[in-house]
Protein chains: 2
Amino acid sequence: MISGKTTLIAHIGYPTEAFRAPMIYNPWFDAHGVDAVVVPMAVKADDYPVVLPSLFKLANIRGALITMPHKVTTVALLDECSTAVEIAGSCNAILKREDGGLVGDMFDGVGCTRGLRHRNFVFTGARCLVVGSGGVGSAIAASLAHDGVASIALSDTEPRSAEGLAARLLRHYPEVDVRLAANDPAGYDLVVNATPLGMKAGDPLPIDIARLSPATFVGEVVMKQEITPLLQAARERGCRYQVGTDMLFEMIPAYLEFFGFGTTTPEELRALARVA
Amino acid sequence: MISGKTTLIAHIGYPTEAFRAPMIYNPWFDAHGVDAVVVPMAVKADDYPVVLPSLFKLANIRGALITMPHKVTTVALLDECSTAVEIAGSCNAILKREDGGLVGDMFDGVGCTRGLRHRNFVFTGARCLVVGSGGVGSAIAASLAHDGVASIALSDTEPRSAEGLAARLLRHYPEVDVRLAANDPAGYDLVVNATPLGMKAGDPLPIDIARLSPATFVGEVVMKQEITPLLQAARERGCRYQVGTDMLFEMIPAYLEFFGFGTTTPEELRALARVA
């Protein structure tokens with residue numbers, strides 16, 4: 001029940017119609033007696049650099065969830081940011097400090113690695129292929145590096161994008177073996193699709209599926225459908241895998257911790273959520 | 001249930017802790033299947049001129065309820081305003097036009113006159129005394145003039161305040177007999193307290209109570225307690241009267257109509273509200 005004492009978490013993007021976060025966070029707040037509410041706020045890209053600092057002038061706002069199209073432009077508006085933000089060059093979480101300054105973090109990668117850990121994936125020594133070096137792929141690579149994998153191969157149809165990410169990774173994690181690669185999944189313990197391929201019917205698969213071994217764990221960021229064509233193919237080969245919404249639900253405990261609301265599990269969130 | 005499709009109504013003031021509107025509007029929205037939510041937004045006075053226009057850049061905001069300390073400063077931020085705003089010099093309701101322009105209205109007075117009409121007070125020919133010529137008193141006087149009373153006497157410990165209001169009233173309602181007066185209630189059909197007297201224990205009564213006739217209807221704006229010392233005295237004399245929260249609940253249908261959400265009655269609002 002919203003009152004004048006309720007703490008606001010803005011969920012900022014454009015458009016907002018497909019947002020799921022309010023229906024996941026708010027039932028959890030209700031169930032735990034946390035007097036906070038996630039409020040969708042539709043901000044167009046042109047307005048964002050002016051609107052964001054204004055929103056954080058609200059005395060009862062604690063933080064924000066940031067989504068498309070603002071994840072990259074947010075970085076320049078922060079006073080302080082995490083290594084994940086620096087490597088990803090994008091930000092999906094903002095916390096207001098006591099002094100009003102804005103701290104940014106990026107949980108797309110953590111959502112992926114928390115899910116992997118949850119499924120007993122072993123990070124130490126793992127050889128990983130991340131397909132797609134955009135914001136999400138960069139965040140996932142940063143999180144894998146943070147969690148101690150042995151090597152990260154980067155594949156992108158734009159080589160400059162992969163090269164840039166490789167340089168940023170090595171600046172923060174010089175101990176990791178970072179290299180550029182094709183989309184050939186052979187020889188990896190983990191392959192993650194961090195491209196939008198699978199969103200649209202008829203999209204090509206993001207990897208050369210014939211070369212996928214049953215021993216490889218497959219991660220997916222696309223959440224348009226639960227089992228994407230990539231995951232269908234991985235399942236047929238007997239691979240272990242993680243669906244796109246797993247990343248979403250794994251990310252939320254990280255957000256709750258960041259905002260200081262405690263923590264939870266994806267299982268509890270899924271049980272309470274008013275969305276599939 | 002808030003989703004990405006939910007329309008926002010900002011409730012803006014500072015501080016927000018004592019806000020009641022979210023607990024009145026939101027249960028009504030729920031009961032009527034209106035996908036909208038009143039969200040408290042705490043904005044300090046210094047930040048307001050920058051924050052308000054930014055908030056209205058949100059594509060999913062339709063309007064705002066404005067309260068202390070922003071009712072006066074809002075006027076300069078509007079693109080269009082009602083006669084009530086012009087006379088009161090203050091605004092407690094903002095609607096975003098299709099083109100993004102801001103339309104202001106002021107419902108403090110309407111809350112009072114709707115309540116009076118509800119209690120069968122006859123406006124035509126009525127002689128009224130409004131004690132207090134601040135924002136609320138000005139709004140009430142404007143609403144009484146709009147509703148066709150014969151005369152409005154204005155009493156204020158600051159004569160300039162009453163003089164200014166008299167001039168603004170006459171500019172818009174030259175047919176009304178507007179005069180300055182003392183706080184002597186004798187000879188009026190209606191006496192309204194629009195001062196804060198009654199908020200604090202030990203406050204003097206706003207009128208010379210010995211001169212109050214049982215035939216006079218007494219209105220009160222103070223809502224700190226249901227029966228203020230003024231209303232207690234009026235009740236003892238057998239006067240008809242209206243309490244401060246009546247004004248509050250009478251105002252809300254006006255807001256709902258202004259925002260385009262339909263309308264309701266104070267009775268239904270009180271039945272659904274999660275506050276006293």
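In this predicted model, helices α4(A) and α5(A) pack against each other at an angle of about 50°, with their axes 7 Å apart. Because angles between 35 and 65 degrees fall outside the roughly parallel and roughly perpendicular ranges, α4(A) and α5(A) are oblique to each other. In passing α5(A), helix α4(A) makes a right-handed crossing. On the α4(A) side the contact is formed by D108(A), G109(A), V110(A), C112(A), T113(A) and L116(A), and these meet V136(A), A139(A), I140(A), S143(A) and L144(A) of α5(A). By character, the residues of this contact divide into 7 nonpolar, 3 polar and 1 charged.

The surroundings of α4(A) extend beyond this one partner. Within the helix, which spans residues 108-118 of chain A, the buried residues are D108(A), G109(A), G111(A), C112(A), T113(A), G115(A) and L116(A). Besides α5 (135-146), the buried residues of α4(A) pack against the strands β10 (190-193), β11 (217-220) and β12 (241-242), and against helix α8 (244-259), again in chain A. An α-helix has 3.6 residues a turn, so residues three or four places apart point the same way. After the helix comes N120(A), whose phi is positive, near 65°.

From this helix we turn to the interface between the chains, where 31 residues of chain B are in contact with 31 residues of chain A. The area buried between chain B and chain A is about 2500 Å², and carbon and sulfur atoms give 70% of that area. Of the area that chain B buries against chain A, M1(B), I2(B) and G4(B) supply 22%, more than any other three residues.

Conventions
Residues are numbered from 1 along each chain as its sequence is written. Chains are lettered from A and ligands numbered from 1 in the order in which they are written. This is a predicted model: local features need pLDDT of at least 70, side-chain atom pairs count only at pLDDT 80 or more; totals for chains, interfaces and linings use all residues. Side-chain values use heavy atoms; hydrogens and water are left out. Buried means under 20% relative accessible area, exposed over 50%, partly exposed in between (1.4 Å probe, protein chains only). Helices (H or I, at least four residues) and strands (E, at least two) are DSSP runs, numbered from the N terminus. Contact means heavy atoms within 4.5 Å. Axes are lines fitted to C-alpha atoms, for helices over the stretch in contact, and angles run from 0 to 180 degrees between N-to-C directions. Angles under 35 degrees count as roughly parallel, over 145 as roughly antiparallel, 65 to 115 as roughly perpendicular and the rest as oblique. A crossing is left-handed if the near helix is turned anticlockwise from the far one by less than a right angle, and right-handed if clockwise. Ala, Val, Leu, Ile, Met, Phe, Trp, Tyr, Cys and Pro count as nonpolar, Asp, Glu, Lys and Arg as charged, and the others, Gly among them, as polar. Buried area is the accessible area (1.4 Å probe) that two parts lose on being put together, summed over both.
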